[in-house]
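Student: I am new to this structure and would like a close look at a single part of it. Could you pick one helix, tell me which of its residues are hidden, and then show me how it fits into the rest?

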Amino acid sequence: MKTILLKNRPKGKPSVSDFEFVENDSPLDIKDGELLLDTTYVSVDPYLRGRMSDAKSYVPPFELNKPVHSGIVAKVIASKHKEFNNGDYLAGMLNWSTQQVSNGEGLTKVDGEKAPLSTYLGILGMTGLTAYLGLTEIGKPKKGETLVVSGAAGAVGSVVGQIGKILGLRVIGIAGSDEKVDMLKSKFGFDEGINYNTTEDMTAAIAKAAPNGVDVYFDNVGGPISDAVLFNINHFARMIICGAISVYNNTELPKSVSVQPFLVKNSALMQGFIVSNYSEKFPEAMKHLSTWLAEGKLTYSETVVEGFENIPQAFIDLFDGKNKGKMIVKI
């Protein structure tokens with residue numbers, strides 16, 4: 001059994017040296033009410049960076065010299081639990097270990113015949129729930145409005161844009177390469193795309209792509225891109241703050257425009273959220289997501305890295321935009 005521990009709290013961008021691989025050859029035994037799990041897929045996500053620091057946040061930080069954990073799909077290889085059988089696949093928050101013992105708490109059965117197992121970490125998991133609930137609960141989109149999505153080629157952003165189209169919005173995506181912009185339009189149905197790496201004036205580019213202004217902004221990145229959106233918001237605009245990957249590795253406080261004048265002048269709303277705020281609406285959201293996926297109205301993109309030993313590097317690669325859609329490690 002191999003396990004990945006958090007060795008150091010990263011300073012700036014994480015490195016592989018911040019993690020430690022440990023190996024234990026002792027067999028794992030299970031007691032009544034427990035399961036032995038074999039890890040199949042591991043989700044790596046930008047929010048994990050926040051848990052690697054010891055700053056106050058909405059969840060406790062990872063402990064040093066203890067396993068890192070994230071969303072995982074695992075196979076039951078031995079069971080003394082009345083609700084789960086050998087061969088079941090389960091999804092939930094688990095340790096970065098090749099095998100582990102669990103009491104089943106927080107784990108849900110997933111069906112690989114209804115959808116690929118990896119989707120339960122993406123479009124049919126927290127990724128899809130975050131996209132749907134953030135957009136609908138805070139964005140409150142109305143048909144004909146304009147939606148701008150930053151980090152649009154990422155796991156959440158690509159789903160947000162598609163849901164926007166299903167709900168009748170004009171959708172503009174911001175991404176980091178021409179290839180990603182092309183994918184937004186050809187695969188995910190976005191109306192327009194902007195490559196922030198080759199655009200000198202983002203404020204002007206957003207104004208051109210959104211001639212009627214921005215009604216809803218789904219923010220995954222923060223920083224200068226989000227500053228540029230502020231200059232284009234309409235009266236009563238709603239800004240959904242899901243993430244800020246552009247500043248997660250900053251070692252100094254970033255300089256940014258003051259948002260208050262924009263919010264006051266436009267009577268606009270800016271609200272941050274975490275998906276668990278809306279946990280009571282998970283079943284309703286999952287019903288929509290699974291139906292749209294089955295009907296072909298939703299699609300997804302995955303970047304799949306193979307090998308347990310590559311989990312830390314796959315996580316680090318998120319901050320260089322090396323993923324298209326959901327970044328997943330296959331064990």
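Tutor: In helix 6, the buried residues are Ile225, Ser226, Asp227, Ala228, Val229 and Leu230. Helix 6 spans residues 223-230, and six of its eight residues are buried, so this helix is largely enclosed by the rest of the structure. Please keep in mind that we are looking at a predicted model.

Now let us step back to the chain around it. Its secondary structure comes to nine helices and 15 strands. With a radius of gyration of 20 Å, close to the 20 Å that the globule rule gives for 331 residues, the chain is as compact as a globular protein of that length. Along the principal axes, the C-alpha atoms fill a box of roughly 65 × 45 × 35 Å. Burial is found well beyond helix 6: of the 331 residues of the chain, 50% count as buried. If you take the contacts between residues at least 6 apart in sequence, 66% of them join residues at least 24 apart.

What about the outside? The accessible surface of the chain comes to about 15700 Å², and 50% of that belongs to carbon and sulfur atoms. As for charge, there are 34 positive and 37 negative side chains, and the centres of these two sets lie 4 Å apart.

Back inside, the aromatic rings make good landmarks. The structure holds eight aromatic pairs. One of them is formed by Tyr132 and Trp292, a tilted pair with 6.0 Å from centre to centre and 55° between the planes. This pair links distant parts of the chain, since Tyr132 sits in helix 2 (residues 126-139) and Trp292 in helix 8 (residues 282-294), 160 residues apart. Like the six residues we met in helix 6, Tyr132 and Trp292 are buried. You can also look for an aromatic cluster made up of Phe19, Trp96, Phe315 and Phe319.

Another buried residue worth finding is Asn195, which has a relative accessible area of 7%, below the 20% under which a residue counts as buried. Asn195 belongs to strand 10 (residues 192-195). Leaving aside residues up to four places away in sequence, Asn195 touches Ala175, Gly176, Ser177, Asp178 and Val181. From Asn195 to Asp182 there are 13 residues in sequence and 9.8 Å in space, C-alpha to C-alpha.

Finally, here are two places in loops to set beside these buried ones. Most residues other than glycine have a negative phi. Asn65 is not a glycine, yet its phi is positive, about 65°. You will find Asn65 in the loop between helix 1 (48-51) and strand 4 (69-79), where it is partly exposed, with a relative accessible area of 47%. Ser267 is not a glycine either, and its phi is positive at about 45°. Ser267 lies in the loop between helix 7 (260-266) and strand 13 (269-272), and its relative accessible area of 44% makes it partly exposed.

So where does that leave the helix we began with? Six of the eight residues of helix 6 are buried, whereas Asn65 and Ser267 are partly exposed.

Methods. Residues numbered from 1 in each chain as written. Predicted model: local features only at pLDDT ≥ 70, side-chain atom pairs only at ≥ 80, totals over all residues. Heavy atoms only, no water. Helix = DSSP H or I, 4+ residues; strand = E, 2+ residues; numbered from the N terminus. Rg over C-alpha atoms; globule rule 2.2 N^0.38 Å. Buried < 20%, exposed > 50% of the residue type's maximum accessible area, 1.4 Å probe, protein only. Contact = heavy atoms within 4.5 Å. Areas by Shrake-Rupley, 256 points an atom, 1.4 Å probe, with all protein chains shown as cover. Lys, Arg positive; Asp, Glu negative; His and termini not counted. Charge placed at Lys NZ, Arg CZ, Asp CG, Glu CD. Phe/Tyr/Trp six-rings, centres within 6.5 Å; stacked < 30°, edge-to-face > 60°.
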